[in-house]
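Okay, thanks for coming, everyone. Let me get the picture up on the screen, and then we can walk through it together.

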Amino acid sequence: MNATGLDVFDKTLQTTNIWLDEIMTEMGPDRQIAWHVLGAVLHALRDRMQPDLAAHLGSQLPILVRGVYYDQYQPSKTPEKLRSLDEFLAKIKAELEFTRPVDSKDAFRVVSKVLAHHVEEGQMLKVWESLPGEIRRVAEAQQAA
């Protein structure tokens, strides 16, 4: 029997839990932290991309993850001009400020790996290509992993 009674909800819940389990494998066994890490990294990526590219990525996310991805999105204020890896990681760190301490580079690396594993390769290559060099190198390293 389905948990929610709707296949679409059950599928997104199952897929989201798979993503969170993969994050927890590397970030520790705390589902709440995994959810916050996923959201923080997705927001940093989304806000660094042109709105059309952000929408293309959003369309490939599980429905639950898509909800956190678009939370507080203001496409008219994007793309943000975060040029350095330090600026990009600071954005992630700021969003994780009220959780237990999490290394923002580890968070970015882990979520990049999950995205590379679950989102179409061509889409992720477009996302990585949209990033400045030093940010892109961290993400692309996960594509091959």
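I'll go through the core, a couple of helices, some single residues, a loop and a pocket. One thing up front: this is a predicted model, so please keep that in mind throughout.

Let's start in the middle. The largest nonpolar core has 44 residues, and the members that touch the most others are Leu 45, Ile 92, Phe 108 and Leu 115. Who contributes? Two or more residues each come from helix 1 (7-27), helix 2 (31-48), helix 3 (51-58), helix 4 (63-70), helix 5 (85-95), helix 6 (104-118), helix 7 (121-129) and helix 8 (133-144). Helix 2 supplies the largest share of this core, with nine residues.

Zoom in on Ile 92, one of those well-connected members. Skipping neighbours within four places in sequence, Ile 92 is in contact with Ala 40, Val 41 and Ala 44, and also with Ser 104, Ala 107 and Phe 108.

Ser 104 is worth a stop of its own. You'll find Ser 104 in helix 6, and at a relative accessible area of 11% it is buried, because the cut-off for buried is under 20%. Again leaving out anything within four places in sequence, Ser 104 has contacts with Leu 89, Ile 92 and Lys 93. If you want a ruler across the model, Ser 104 and Ser 59 are 45 residues apart in sequence and 25 Å apart in space, C-alpha to C-alpha.

Now a question for the room: in helix 7, which residues are buried? They are Gln 123, Met 124, Val 127 and Trp 128. Look down the axis of helix 7 and those buried residues fall within an arc of 135 degrees, so they line one face of the helix. Over on the other side of helix 7, Glu 121, Lys 126 and Glu 129 are exposed. As a reminder, an α-helix has 3.6 residues a turn, so residues three or four places apart point the same way.

Helix 4 gives us another case. Val 65, Val 68 and Tyr 69 are buried there. They cover an arc of only 105 degrees around the axis, which puts them on the same side of helix 4. And what do the buried residues of helix 4 pack against? Helix 1, helix 2 and helix 3.

While we're in this region, take Ala 54, which sits in helix 3. Ala 54 has 0% relative accessibility, so it counts as buried. Not counting residues up to four places away in sequence, Ala 54 touches Arg 46, Met 49 and three tyrosines, namely Tyr 69, Tyr 70 and Tyr 73. Ala 54 is also 9.7 Å from Thr 78, C-alpha to C-alpha, with their positions 24 residues apart in sequence.

That brings us to Thr 78 and the backbone. The peptide bond from Thr 78 to Pro 79 is cis, with omega near 0 degrees. Pro 79 belongs to the loop between helix 4 and helix 5.

Gln 72 is in the loop between helix 4 and helix 5 too. Gln 72 follows helix 4, and its phi is positive, about 65 degrees, although it is not a glycine. Is Gln 72 buried or exposed? At 69% relative accessibility, Gln 72 counts as exposed.

Gln 72 also takes us to the largest pocket, which has a volume of about 220 Å³. It is lined by 13 residues, and the closest to its centre are Gly 39, His 43, Asp 71, Gln 72 and Glu 95. Helix 2 and helix 5 are the elements that give two or more residues to that lining, and helix 2 gives the most, with seven. By class, the lining of the pocket has four nonpolar, four polar and five charged residues. So helix 2 shows up twice today: it has the largest share of the core and gives the most to the pocket lining.

Last stop, Gln 142, over in helix 8. With a relative accessibility of 9%, Gln 142 counts as buried. Leaving aside neighbours within four places in sequence, Gln 142 is in contact with Arg 109, Ser 112, Lys 113 and Ala 116.

Okay, that's my tour. Over to you.

Definitions and conventions: Residues are numbered from 1 along each chain as its sequence is written. This is a predicted model: local features need pLDDT of at least 70, side-chain atom pairs count only at pLDDT 80 or more; totals for chains, interfaces and linings use all residues. Side-chain values use heavy atoms; hydrogens and water are left out. A nonpolar core is a set of buried Ala, Val, Leu, Ile, Met, Phe, Trp, Tyr and Cys residues joined through side-chain atoms within 4.5 Å. Buried means under 20% relative accessible area, exposed over 50%, partly exposed in between (1.4 Å probe, protein chains only). Helices (H or I, at least four residues) and strands (E, at least two) are DSSP runs, numbered from the N terminus. Contact means heavy atoms within 4.5 Å. On a 1 Å grid over the protein atoms alone, a cavity is a set of points where a 1.4 Å probe fits but cannot get out, and a pocket is an open set with protein on both sides within 12 Å along at least five of seven lines; lining residues have an atom within 4 Å of a point. Grid points are joined across faces, edges and corners, and a volume is the space filled by probe spheres set on the points. Ala, Val, Leu, Ile, Met, Phe, Trp, Tyr, Cys and Pro count as nonpolar, Asp, Glu, Lys and Arg as charged, and the others, Gly among them, as polar. The arc is that of the directions from the helix axis to the C-beta atoms.
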